[in-house]
Amino acid sequence: MSLHERPSAASVGEAIPHESAALHVTGHALYTDDLGVRLQNLLHAWPVGSPHAHARVTGLDTGAALAVPGVVRVLTAADVPGVNDAGVKGDEPLFPTVAMYHGHPVAWVLADSEDAARLGAAAVQVGYEPLPSVITVREAIAAEAFQGAQSTLARGDVTVGFEQAAHVFTGEFDIGGQEHFYLETNAALAHVDEAGQVFIQSSTQHPTETQEITAHVLGLPSSAVTVQCLRMGGGFGGKEMQPHGYAAVAALGATLTGRPVRLRLNRTLDMTQTGKRHPFHAAWKAGFDADGRFTALEVTLTSDGGWSLDLSEPVMARALCHLDNAYFIPHVHARGRIARTNKTSQTAFRGFGGPQGMLVTEDILGRVAPLLGLDAHELRQRNFYQPGEATPYGQPVRHAERMHDLWAQLLERSDFRERQAEVASFNAAHPHRKRGLSVTPVKFGISFNFTAYNQAGALVHVYKDGSVLINHGGTEMGQGLHTKMMQVAATALGVPLSSVRLAPTRTDKVPNTSATAASSGADLNGGAVKDACDQIRANLAAVAAGTLGVHPDDVRFEAGRVFPLGHPERGLDWKTLVHDAYHLRTQLWAAGFYRTPGLHWDRVAMQGEPFKYFSYGASVTEVEVDGFTGAYRVRRADLLHDVGDSLSPLIDLGQVEGGYVQGLGWLTLEELRWDESDGPNRGRLQTQSASTYKLPSFSELPEQFNVGLLERATESGVVYGSKAVGEPPLMLAISAREALREACAAFGPPGRITPLNSPATPEAVYWALDAARTARPAEVPGD
Amino acid sequence: MQRVNLTVNGQPGEVPAGAHTNLLNHLRAQGLTGCKEGCAEGECGACAVLIARDDGQGGTRWDSVNACLVTLAAVDGAQVVTAEGLGSPAALHPAQRELAVRGGSQCGYCTPGFVVSMAAEYLRPDRVDGQHGAANGFDLHSLSGNLCRCTGYRPIADAAYALGTPDAADPLAARRDQPAPSPRPTALNAPDGEFHRPATLADALNLLAAHPDAKVLSGGTDWGVEVNLRHARAAVTVAVDHLPELRVFEERADSLLLGAGHSLSELERRLDGRVPLLAGWFPQFASRLIRNSATLGGNLGTASPIGDSPPALLALDASVRLVGPDGAREVPLADYFTGYRQTVRQPGELIAAVRIPLPLSPLTAFHKIAKRRFDDISSVAVGYALDVRGGVVTRARIGLGGVAATPLRAHDTEAALEGQPWTEATVRAAARLLGQTGTPLSDHRASAAYRAAMLEQSLLKLWFESQSAEQEVGA
């Protein structure tokens with residue numbers, strides 16, 4: 001069978017709860033910091049943070065800190081035996097000589113209690129020489145403060161495209177960042193094993209890189225450092241790069257003191273120190289023909305990378321590769337550059353630049369539709385890719401017809417046209433409240449743009465009693481990867497799910513893993529788990545073939561029974577076969593490996609086929625806005641999303657719903673504010689807590705929430721015909737933002753542009769509707 | 001280190017406590033790591049636990065509270081239940097089972113806190129089918145103090161609505177018929193400070209006289225944040241919310257006297273809609289988890305310009321009853337605030353009660369402007385109480401928060417309304433005045449321009465909604 005085909009009675013495709021659900025609900029599931037309380041002689045770490053956004057460290061006196069009762073040691077740059085850097089680009093000193101942002105840790109205090117460590121940190125005397133700082137993207141653009149490579153994605157000739165245009169528009173757009181706000185903050189726990197081996201438990205999406213960076217900080221080979229991740233209390237990309245330095249500090253402390261070291265950021269520290277979704281600035285020029293079809297798009301994207309490069313380059317690559325979203329744009333010239341600012345180092349966040357790229361184009365379409373005299377949904381649909389067309393980076397848009405089918409299905413099942421009429425009559429009857437209804441598409445490329453990351457490993461053991469233990473390189477952050485991997489193993493071996501146990505992710509079991517990121521966890525690790533299982537099953541089939549008197553190809557494995565093709569009654573059970581196979585000296589465990597075939601990417605030319613396939617989705621959102629305050633609520637959301645043939649429908653439904661609400665938070669509610677003044681707190685994050693940075697709560701749950709998975713959507717070439725699901729649904733929330741724009745526009749005369757800031761907070765919505773309300777009717781619709 | 005008594009999941013014990021040890025850290029140190037720290041300021045609910053409280057009728061209520069904001073010494077003698085105590089993987093509690101099978105947990109970190117908040121609502125004695133628009137009477141607002149970053153909440157709501165009623169064998173349900181543990185006098189002299197829970201008001205006043213800088217604790221939802229996030233420490237802490245003199249509740253002909261030590265949830269239940277302005281205000285005050293701890297006295301004691309109670313109480317013309325070594329005095333709330341977080345309360349004095357004069361004005365509203373619809377801090381808040389007789393405004397009281405260093409009465413706007421016909425022209429003129437009241441600032445919550453606009457819009461909204469059936473979108 002090929003990779004995508006499913007056997008009968010498969011465990012994949014069953015709607016089952018998360019494998020740890022019973023542990024979650026009873027409080028028995030353990031997270032990194034829950035392990036520390038179980039250790040004796042534990043040390044606690046606390047940082048000494050810079051009070052300046054940018055300052056040279058001129059002196060560091062630890063004497064007073066060491067006098068605090070309970071303080072054991074203060075870690076500084078002088079303690080680092082290896083490389084003093086926490087990143088992969090060489091621009092993230094673990095103990096900096098120049099503080100690059102407000103709160104940047106310049107030293108770490110170790111003490112017998114967290115309380116003592118905090119008092120010790122407050123007692124460390126640090127001399128600073130403040131330096132000029134850059135806080136906003138616009139300041140960085142003015143100062144030409146950029147970092148990393150600048151990239152250009154181009155197709156055709158935009159000059160020609162604009163000449164062909166009947167309408168040309170220009171604009172600028174600022175897109176806000178987003179704090180991950182995983183409920184579990186960054187945490188690491190390190191101790192020194194026998195023979196100087198370092199063992200680290202870390203809340204990390206990328207155990208291999210945590211291992212490598214700890215090893216280079218300690219001056220050890222990777223083989224001397226083991227990283228384990230039981231599970232994370234949420235990641236969303238925020239634990240792809242950020243955990244490394246914390247693991248390295250804990251490990252350094254453990255090697256220097258011989259005691260286990262616990263490092264856990266509280267919420268304030270996590271928010272002030274760790275990177276977030278990149279804010280973006282876009283300057284654009286778009287041309288449309290008389291029918292509203294794109295003729296050309298010219299864009300300059302500037303992301304706010306913060307103080308170090310981190311993942312800003314690949315984030316920008318993905319942003320550029322998603323400007324097109326679901327639309328064919330014949331002539332494109334898109335430039336990307338990364339601002340260097342004195343803020344946290346912005347990093348991966350669910351969607352990884354894709355949301356920002358997509359939002360630029362969706363914002364353009366939402367703005368200009370009234371000037372083109374078209375309903376926004378009609379304008380969007382007219383520009384969809386047709387089968388046979390290719391993206392601006394040269395990749396054919398596989399299954400372009402799925403977008404058309406999915407769109408039509410969604411409009412139908414959400415009663416879109418009837419509700420448009422209802423909204424119009426409601427708005428006509430209510431001067432102080434307006435509703436908006438909008439539909440937007442998502443097309444999202446799956447695979448790491450960085451081709452080498454598209455590989456994975458797994459280790460599967462079958463024990464003599466028939467029980468199965470699987471290990472793979474992916475990490476569990478709530479997305480249900482482990483549940484899916486157990487279903488894949490049960491399916492591939494033809495055993496009940498209850499026979500399969502999954503052991504925590506560890507670098508000494510499966511080495512050289514990629515980050516669990518880019519939505520690729522199930523595709524890659526699923527391929528590797530299946531490969532390992534297939535090897536074991538082949539070994540067992542050879543044994544069973546002898547017993548059953550058939551060719552090995554004709555042995556079937558199903559629900560714990562092994563039998564000849566067509567004769568389920570003539571079989572033996574799995575346990576018996578495993579027992580017999582052991583005594584025949586058969587290998588009952590295997591290492592599996594998977595590499596995504598068919599990918600190539602020239603990151604300088606920005607051309608190639610970086611994605612294995614595209615995920616499709618669309619959403620309809622209806623909102624109601626209060627004209628007095630700008631407050632709003634989401635009355636109804638209808639989502640339809642393509643996950644291929646789902647590996648685990650309850651898990652996938654959760655990813656789609658959760659992604660939408662998280663996207664809704666980014667686009668409407670969550671607002672990061674830094675002190676941009678020239679005062680003494682310049683560069684300080686003002687929204688550094690749950691009381692000032694608001695994420696969606698129950699009140700943001702759409703009052704009606706209808707979510708469907710596209711049916712009969714087999715994706716050939718992916719494990720059991722499934723598709724990735726982690727990131728794409730986040731962008732379904734763009735329809736909520738567009739619905740808010742439509743509601744704001746309804747306060748004023750038709751045929752006008754209604755700009756809307758992002759995030760569309762009640763204040764932003766108020767200013768948008770107030771501008772519409774006080775606008776005079778457009779004199780001439782069009783440009 | 002000194003010790004206090006605490007019964008956790010049915011196991012009594014004598015446990016070590018400092019003056020600043022919180023219940024969350026204590027539980028975790030005991031290995032009950034299902035109790036999580038997500039924010040350490042009562043915003044996320046990951047640390048929620050059940051605590052046994054007097055239900056006012058000789059029985060026990062199981063209240064959900066944020067363990068991160070509970071000073072361990074302040075619950076000396078208490079009975080607490082965590083997610084681990086509700087059920088086990090082999091024997092799930094109904095709230096645990098419904099969450100688990102419906103996909104209500106993804107990363108699982110917030111989940112024990114949701115389980116606890118759901119269990120509290122499951123065990124609510126007055127939950128009746130059909131309440132709150134739910135077949136099983138489950139009030140989804142009881143979960144508004146719990147944050148989940150993964151699920152988007154739909155499966156959690158479904159789990160909540162799938163809950164039945166506790167059966168006879170449910171030990172926590174049965175426990176409701178027994179008396180709750182009484183607050184006991186506590187005196188702790190720990191290395192990190194002294195902590196007192198005095199037996200009587202006299203003892204409390206003596207302690208305050210001896211320690212004028214003592215931190216007065218009444219609910220502790222503000223102090224807990226200072227301790228956890230800013231590492232604040234007090235040499236002496238005195239808890240007062242249990243004192244009988246602070247727990248009066250009197251309905252007189254001319255006024256209501258509300259003891260300052262009641263939790264907001266208790267007041268909400270005891271008033272039961274008696275004051276419509278407050279009935280609309282309670283749900284907008286933080287979350288159920290916070291309202292189960294926070295007190296009116298605490299909110300007025302911290303005297304924040306963005307506290308939620310002053311705008312409502314100013315509109316109600318309330319006064320504050322202060323008790324001190326020289327006896328009691330009453331101060332109109334309008335005269336209570338003297339500067340940024342400054343009041344007329346002297347160091348030796350306590351806020352005993354709030355008096356609301358009767359009769360109540362018939363036209364009232366509380367408008368809270370914030371980023372999030374529930375459980376957010378206001379950018380601007382406005383309380384209204386108006387008498388309109390024969391088409392003329394005979395009396396207007398307007399309380400404001402978030403537009404100056406202190407909460408304010410909008411005297412000019414009140415004057416512009418009183419004696420005028422209740423018409424759009426009057427309202428528009430008064431609204432322009434209201435929009436110029438105070439000195440609003442721009443900060444991370446809102447711009448000064450938006451705050452000023454919201455003052456003006458607020459009065460227009462009040463007027464238009466009083467003229468039509470249009471419901472407020474945020475309600």
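In the predicted model, the end C-alpha atoms of residues 26-132 of chain A lie 51 Å apart. Helix accounts for 19% of this span, and strand for 32%. The UniProt record, an unreviewed entry, lists residues 26-132 of chain A as "domain: Aldehyde oxidase/xanthine dehydrogenase a/b hammerhead".

The largest nonpolar core comprises 384 residues. Val109(A), Ala250(A) and Ala489(A) have the most contacts inside this core. Helix H16 of chain A, residues 521-548, gives the most to it, with 12 residues. In soluble globular proteins, nonpolar side chains tend to be buried together.

The surroundings of Ala250(A) were examined next. Residues up to four places away in sequence were not counted. Ala250(A) touches Ala45(A), Ala188(A), Leu189(A), Ala190(A) and Ile200(A). Val261(A), Arg262(A) and Leu263(A) also touch Ala250(A).

Three strands of chain A, E21, E22 and E23, are linked by pairing. Strand E21 covers residues 555-558, and strand E22 covers residues 561-564. These two pair in the antiparallel sense over 4 bridges. Within this pairing, Phe557(A) has Val562(A) in E22(A) as its bridge partner. The hairpin of E21(A) and E22(A) has 2 residues between the strands. In this hairpin, Ala559(A) takes a positive phi near 50°.

E22(A) also pairs with strand E23 of chain A, residues 572-573. This pairing is likewise antiparallel and runs over 2 bridges. Here, the bridge partner of Arg561(A) is Asp573(A) in E23(A). E22(A) thus pairs with both E21(A) and E23(A).

Key. Residues numbered from 1 in each chain as written. Chains lettered and ligands numbered in written order. Predicted model: local features only at pLDDT ≥ 70, side-chain atom pairs only at ≥ 80, totals over all residues. Pairing = 2+ DSSP bridges. Core = buried A, V, L, I, M, F, W, Y, C linked by C-beta atoms within 7 Å. Buried ≥ 20, exposed ≤ 12 C-beta atoms within 10 Å, placed from the backbone. Contact = placed C-beta atoms within 7 Å. UniProt positions renumbered as here; feature names shortened; annotations may be inferred.
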